[in-house]
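Student: I have a structure to look at, and I would like to understand how the words used for it are justified. Could we go through some of them together?

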Number of protein chains: 2
Amino acid sequence: MALSSRASKLTTPDPSGPILSDNWHPTLNPSGYVNLGVAENYLMHASLQQHLHANLKVPTSAFTYGDFFKRSRTAIASFLTKHLNTVVPIKPEHVAVASGCTSAVEHMAWAFADPGDVILLGRPYYGAFPGDATLRTGTKLGFVDFGEDDPLGANCVEKYEERLLEARANGEKVSAVLLCHPHNPLGRCYSRDVLIDLLKFCNKYKLHLISDEIYALSIFENKIDTNPPPAPFYSVLSIDPTGLIDPAYVHCLWGMSKDFGANGLRLGAIISQHNVDLMTALAPAVLLSSVSSLSEHVFANALEDDVWVENYIKENQQKLGSYYEYIVKWAKANDIVYATGVNAGFFIWADLGRTYLKHQDSKPEDLDQAVMDALLRHKVFLASGVRFGSEKPGWFRIVFSHDMDYLNEGLGRIVAALTTPEPLKNMSNLSLQVDLDVAF
Amino acid sequence: MALSSRASKLTTPDPSGPILSDNWHPTLNPSGYVNLGVAENYLMHASLQQHLHANLKVPTSAFTYGDFFKRSRTAIASFLTKHLNTVVPIKPEHVAVASGCTSAVEHMAWAFADPGDVILLGRPYYGAFPGDATLRTGTKLGFVDFGEDDPLGANCVEKYEERLLEARANGEKVSAVLLCHPHNPLGRCYSRDVLIDLLKFCNKYKLHLISDEIYALSIFENKIDTNPPPAPFYSVLSIDPTGLIDPAYVHCLWGMSKDFGANGLRLGAIISQHNVDLMTALAPAVLLSSVSSLSEHVFANALEDDVWVENYIKENQQKLGSYYEYIVKWAKANDIVYATGVNAGFFIWADLGRTYLKHQDSKPEDLDQAVMDALLRHKVFLASGVRFGSEKPGWFRIVFSHDMDYLNEGLGRIVAALTTPEPLKNMSNLSLQVDLDVAF
């Protein structure tokens, strides 16, 4: 009632809340939903919890505004200089912290694009990017189609350029390219060569390159399906920009949510090493998404503990590799086609529609919705490709970084949903015919 | 470089950072600044710290997105229903949480005012409101002058109405009134009668009333200067709206920063009990300023611990009362005029310019800057009335909720700064001639 026009557009409740809150548990909530739809990594929770409790002595200075997060910015700078193998050491003044990368993405859109200006985003994309970048900024996204080409392949830059020229022909100003690298939902890294081509492209058109590297450390060895061969991860900050791009246009996002399995602690960082104006402008802006000093302490404690953190990362990567192998074997055993060559993240991108159709008598009008309905009937929740801007129908993202019992329960339900013929129309649960807007 | 036009306006660094980071300590940093400029309450830090450590068992669910902050929203709802004495019990779905009231204010400006629309704000105001409400929203503020009238007095509504009509005559849409109640920097409460008049005024013109009640529990008995007589605190949620206003226009902000002396933990809440559209629209928006699950746990632990929290509030209020009496005696003893009748907050609003001028041979061109320069020369930092939109020059806010040694050091420096004649021009430290933009 009497809201601004921008807020008035959002007065339809999101139906996914009740589903996400009704989380299956074998004894406490056996009738709940198994949620393999949200990108959370449970594999190292016990280790993080142990380190948190062993080290969390909160000083009273944490109750004050403090030193503008100098400790966390220093810890992040030192840690990422090593782990992103940066050309130039990251200094604390190159880092701005915010309450998660959700807000970091918004800060980037605000800083680089005025209302109506366009940021290019390739398909498929991390499903929360559109909301994060546009909801309150007035920024527009220019989605890039790749057709049958590899969205991370050598030809991808041509597609970005075509889309840029199309936007310009429409009188739109394009100001940035937003990458998720390693890629969500594809679980792959841009090759060093493609990154270099993207840097040159950005320089040619004076575009900011925003590389969201929130999965930078969640990489692993793929021992099972190496076609296309997995590209090793190179941060954009690891590439010498000399002769490629004005480095003031290169920016990296990183956070603790994915690599440290800690979405709830809300710490994201913007790293920009050669753009003083940006960091000055961000200083008052990041106060609007200020990180908790408790999260700052927990993460600084972790990042500063060299021995512990190196073991943590190594163990996490080993687990991700074996879980990936496990789910790939499950997919193959159940006739589910998935996108191969993965070496990062904790999900697979799978063509559930194809498997579903094999078990149906007729083809549904809306394949994505039909599969989603089937999944929800079987009380398993996945993120639909529709939310990721998938160019093909029927694709879903399956998150595998769960306790094995929970994962197996979910995988079993997926198979049941795909292989059980559609019930008669009048038997379907209409309350599930909702447009689920979730893509964390 | 190549920033959006909105970000480009912010490329002048804030000079206050080095001052705020250079905090005086008697042995560790004796040459630093005593900072009585930031509204932080140190009086109960030890108690909060003890409770935090005694109760903080972080479950691994804190590492996930969890239940959309249901626990903290439930705890806040129950706690504020009691302490704000609300007409209708607050339910969890009436509460949205964000990373501090800084972002809560931004959310309100975004939700109620489109770019160019006006929110009315009386002078003097909390100095961070303008940035919080306008920096990224495009919202405008309509500042309300009161001249010789009391900004919280019976006539204040007339002034709001005059300002509204002026804005309308300029073709501007006015959509809300923003109150700080109890008032920062005046340290007083709006009387119940004035609140009722404000509710009627908002209803007449279909304005949202945003009552920032972040100091709701930081009230105390004033035993020393009761003219004007302090008004008891009544939350806007404690007034039955029947016959006064459509309750969908009434909103309250509250947070842990002030009443629990914990700015660094970043938890602010929007409470709106009769506007489902608003709460629906806020659901995706507050993800952009998401609170840390650690802060959620710490505060839920505190608010749910009835015995502890009641003692905490009571002890805090007793301390605030005696510290207020202490600083008032200091002001009187040092010929410093201050705004009386205070019963809330932890600061006094003082006419330092008057005292300063008594000790100078000539009148400076810019009294505010001259006093600020004198303070900084003596290495004490205060928030200038300029940043609070003060209608009169020379007024400053002095925060008294510090450890007694620290407070006394600061008060001594203030007296020295005011009573020491201005040095010769060529002796002044020009690096201090900065426009300090701090008003937390």
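Tutor: What follows is a short set of questions on burial, cysteines and strands.

Tutor: This is a predicted model, in which local features need pLDDT of at least 70 and side-chain atom pairs count only at pLDDT 80 or more, while totals for chains, interfaces and linings use all residues. Residues are numbered from 1 along each chain as its sequence is written, chains are lettered from A in the order in which they are written, and side-chain values use heavy atoms, leaving out hydrogens and water.

Student: Why is C202(B) called buried?

Tutor: Buried means under 20% relative accessible area, with a 1.4 Å probe and protein chains only; C202(B) has 0%, so it is buried.

Student: What makes C189(B) count as buried?

Tutor: Its relative accessibility is 4%, so C189(B) also falls under the cut-off.

Student: How do you know that C189(B) has no bond to C180(B)?

Tutor: A disulfide is a pair of cysteine sulfur atoms within 2.5 Å, whereas the closest cysteine sulfur to that of C189(B), in C180(B), is 10 Å away, which is too far for a bond. Over all chains, the structure holds zero disulfides.

Student: Why is helix 14 of chain A described as largely enclosed?

Tutor: Helices are DSSP runs of H or I with at least four residues, numbered from the N terminus. Helix 14 of chain A covers residues 367-377, and nine of its 11 residues are buried, so the rest of the structure largely encloses it.

Student: What makes strand 12 and strand 13 of chain B a pair?

Tutor: Strands are DSSP runs of E with at least two residues, and two of them pair if DSSP finds at least two bridges between them. Two bridges join these antiparallel strands of chain B, so they meet the definition.

How values were computed:
Buried means under 20% relative accessible area, exposed over 50%, partly exposed in between (1.4 Å probe, protein chains only).
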